[in-house]
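Biologist: I'd like a close look at the part of this model where the two chains share a sheet. Please walk me through the strands, then the aromatic rings.

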There are 2 protein chains.
Amino acid sequence: MTSTLFQRVERARRRKHKFTETHITLAHGSGGRAMHELIEGLFLEYFHNPLLDRLEDQAVFDVAAARLAYTTDSYVVSPIFFPGGDIGKLAINGTVNDLAMSGARPLYLSAGFILEEGFPIDDLKKILASMRNAAGESGVKVVTGDTKVVQKGGADQIFINTSGIGVIESSLNLSAASAQPGDKVLLSGTLGDHGTTIMIARGELELETDIESDCAPLQSLVTGMINEAERRDALSGLHCFRDPTRGGVATTLNEIALSSEVCIEIEEGRVPVREEVKGACEILGLDPLYVANEGKLVAIVSADLAEPLVARMRQHPYGVDACIIGEVKIEPGGIVSMHTAFGGTRIVDMLAGEQLPRIC
Amino acid sequence: MTSTLFQRVERARRRKHKFTETHITLAHGSGGRAMHELIEGLFLEYFHNPLLDRLEDQAVFDVAAARLAYTTDSYVVSPIFFPGGDIGKLAINGTVNDLAMSGARPLYLSAGFILEEGFPIDDLKKILASMRNAAGESGVKVVTGDTKVVQKGGADQIFINTSGIGVIESSLNLSAASAQPGDKVLLSGTLGDHGTTIMIARGELELETDIESDCAPLQSLVTGMINEAERRDALSGLHCFRDPTRGGVATTLNEIALSSEVCIEIEEGRVPVREEVKGACEILGLDPLYVANEGKLVAIVSADLAEPLVARMRQHPYGVDACIIGEVKIEPGGIVSMHTAFGGTRIVDMLAGEQLPRIC
């Protein structure tokens, strides 16, 4: 074979291909040329950074001696676009939040895409743009990824898995097992916005509302709370942070009550729920306590920190409706109870059965 | 409400439930009680370790100052059970191998499951057992996870994403961009076993063969090679390790040739392919060079290390058929060429189009 042919092939290979395809094909998951074009022509355009740009099968980076947090979530939300966000924004913020709840500063994310054959590239671009924006807001980088394509009907449009690594820079040791009698229960804002949005976006009920998903990154809100506690030399008063996603606040509080072997008492009248969400939930037969949130946190903190932390949270855009919704009692352990608006008391159990599949 | 009622509820909540359900339901992805029972009654039984057992939304662990490798892959293989493995074994070994190819010792994995409503729990148990065994063989721990359930028809049975973190304990800086003219190309064993197995397992062709997937963890094989190079004070002679999965050895070598701007020449007669695989590939119209492997590695190493490394690899159960299949030349850069068994030379291009979807 002549060296001229080699050179011609070489030149063709080096040409940068603009990614012009309109739909995902099985070839995009083949490992071969089409996949490389998808990754180099599209994914890198949105996520490029020195670690990812190397295009190795793994990212390599240095860490100082540190305590790291590590988490994963798959996102299968339906519909993939909804008021206030999309599956991409959710996939970044959800994992950022799971890191933030340990007090970690999120550093690096992985992203694994499962795409259905025929998925429109324009939709993929919107999702990637959303992921880039969300990652930018939290200062995290997508440093390693994977793309699989399944035949038409083998998956529903697009599923995204993200995992994340963060560094815990304080001496905090937050845990669902650390709630103590006397602690206060803080909530960063209104309940039920995300789940109600998804339910309405499915269009099975013809409701017209202005409700939007609360999908948001909570890392800087948590950082503000940590700073406030540190300023008061009371870091050890922060006991547990959780984001009440699937299963809602009711399920999250039950997890904490069980892990800490305490009773958590909340006041129904103090739990903030938007009027539109309240209305939609009534029509949909949902209890906002069990509806998923994607930009809210529950914090269990010592009583003396509660008011200053709420004041601090309210200065943050994602904490303007922050409030104290209850407190931690010794017994009965493992139970969440609620003083209702009518003056009674009822047990708030963990979500039984399913309320709404594919919420996130 | 009487405290007796509270106490009765409390006792009921504390009882350890044996997980007795037979099929996945949407409730198992709800975030509520059914999901907790699945996680505590099933997942923890297979994966339990101190980091996972905490059941927080993230694993927290200390690391010394270190160079870390981080990777992710989603697994959508069809069929999910095949000769030589299943989707679970693949999900652990695939990610372990992506870490090992950077010279890292794999430490921690995440596991994200997307389950189709109706998926049999017995199949899930088999997959979890396989994952546990594979993780045990490589000394890695699944420390964080996630479960989503999609409605019947929304996904095909089960998809698994794993991500992984490993620590690079040597000064190695392996990269597809580090191949140098004069280097030798090593291959750890026979080509095409995994892809051919999957193709046959789909049952579209009624072939009866003894071919099995080569699915295996390569970390200890790599460690042996690193030790051999260190013993000879020649660590810098190890330039690039890659596992030739989707797209096969042809695609992997093209990636290296392009990244390193070198020409890679291989000898067809030296590339080991099992007779049964060769026969099956002929019937199926596949070229073993493009067929996926799940337990093989390609190594680009300096010439003086090639023979001692092959000798060392052959002592390892996953390297008994190791051999030198070619070498690195200066030009034409970005090209892989092959001297055929008939005395000719041909360009071995990257896989174009798709050969076999859902191979891993």
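Modeller: Here comes the shared sheet, then its rings, with a glance at another sheet at the end. Bear in mind that this is a predicted model, where local features need pLDDT of at least 70, side-chain atom pairs count only at pLDDT 80 or more, and totals for chains, interfaces and linings use all residues. Residues are numbered from 1 along each chain as its sequence is written, chains are lettered from A and ligands numbered from 1 in the order written, and side-chain values use heavy atoms, without hydrogens or water.

Start with the strands (DSSP E runs of at least two residues; helices are H or I runs of at least four, and both are numbered from the N terminus). Follow β6(A), β5(A), β7(A), β2(A) and β1(B) in that order, and you've crossed an open sheet of five strands with mixed pairing (a pair needs at least two DSSP bridges). At the edges you'll find β6 (141–150) of chain A and β1 (59–63) of chain B, each paired on one side only. Ignoring direction, neighbouring strands here are turned by 20° against each other on average (angles, from 0 to 180 degrees, are between N-to-C directions of lines fitted to C-alpha atoms, for helices over the stretch in contact).

Now zoom in on the place where the chains meet in this sheet. Strand β2 (residues 66–75) of chain A runs antiparallel to β1(B), and five bridges join them. In one of these pairings, Y70(A) has A59(B) as its bridge partner. A helix packs on this sheet too: α2 (residues 33–47) of chain A touches β5 (104–116) and β6 of chain A, and its direction makes about 145° with that of β6(A) (contact means heavy atoms within 4.5 Å).

On to the rings. Over all chains, the whole structure has seven aromatic pairs (Phe, Tyr or six-membered Trp rings with centres within 6.5 Å; planes under 30 degrees apart are stacked, over 60 edge-to-face, the rest tilted). One of them is F61(A) with Y108(A), a tilted pair with 4.2 Å between centres and 35° between planes. F61(A) belongs to strand β1 (residues 59–63) of chain A and Y108(A) to β5 of chain A, so this pair ties together parts 47 residues apart in sequence. F61(A) counts as buried because its relative accessibility is 6%, and Y108(A), at 18%, is buried as well (buried is under 20% relative accessible area, exposed over 50%, partly exposed in between, with a 1.4 Å probe and protein chains only).

Next, look at F159(A) and F159(B), another tilted pair, 6.3 Å centre to centre with 50° between the planes. Each lies in strand β7 (residues 158–168) of its own chain, so the pair joins two chains. Both of these phenylalanines are buried.

The rings can also group across chains: F61(A), Y108(A) and Y70(B) make up one aromatic cluster. And K148(A) reaches over the face of Y75(B), 5.6 Å from the ring centre (NZ of Lys or CZ of Arg within 6 Å of the centre and within 35 degrees of the ring normal). Within chain B, the charged end of K126(B) sits over the ring of F81(B), 5.1 Å from its centre.

Finally, that other sheet. Chain A has an open, mixed sheet of seven strands, ordered β9-β11-β8-β12-β10-β13-β14. Its neighbouring strands are turned by 25° on average, direction ignored. Four bridges link the antiparallel strands β8 (residues 184–187) and β12 (residues 323–329) of chain A, with L186(A) opposite I324(A). Across β8, β9, β11 (298–301) and β12 of chain A lies helix α10 (residues 303–314) of chain A, at about 10° to β8(A).
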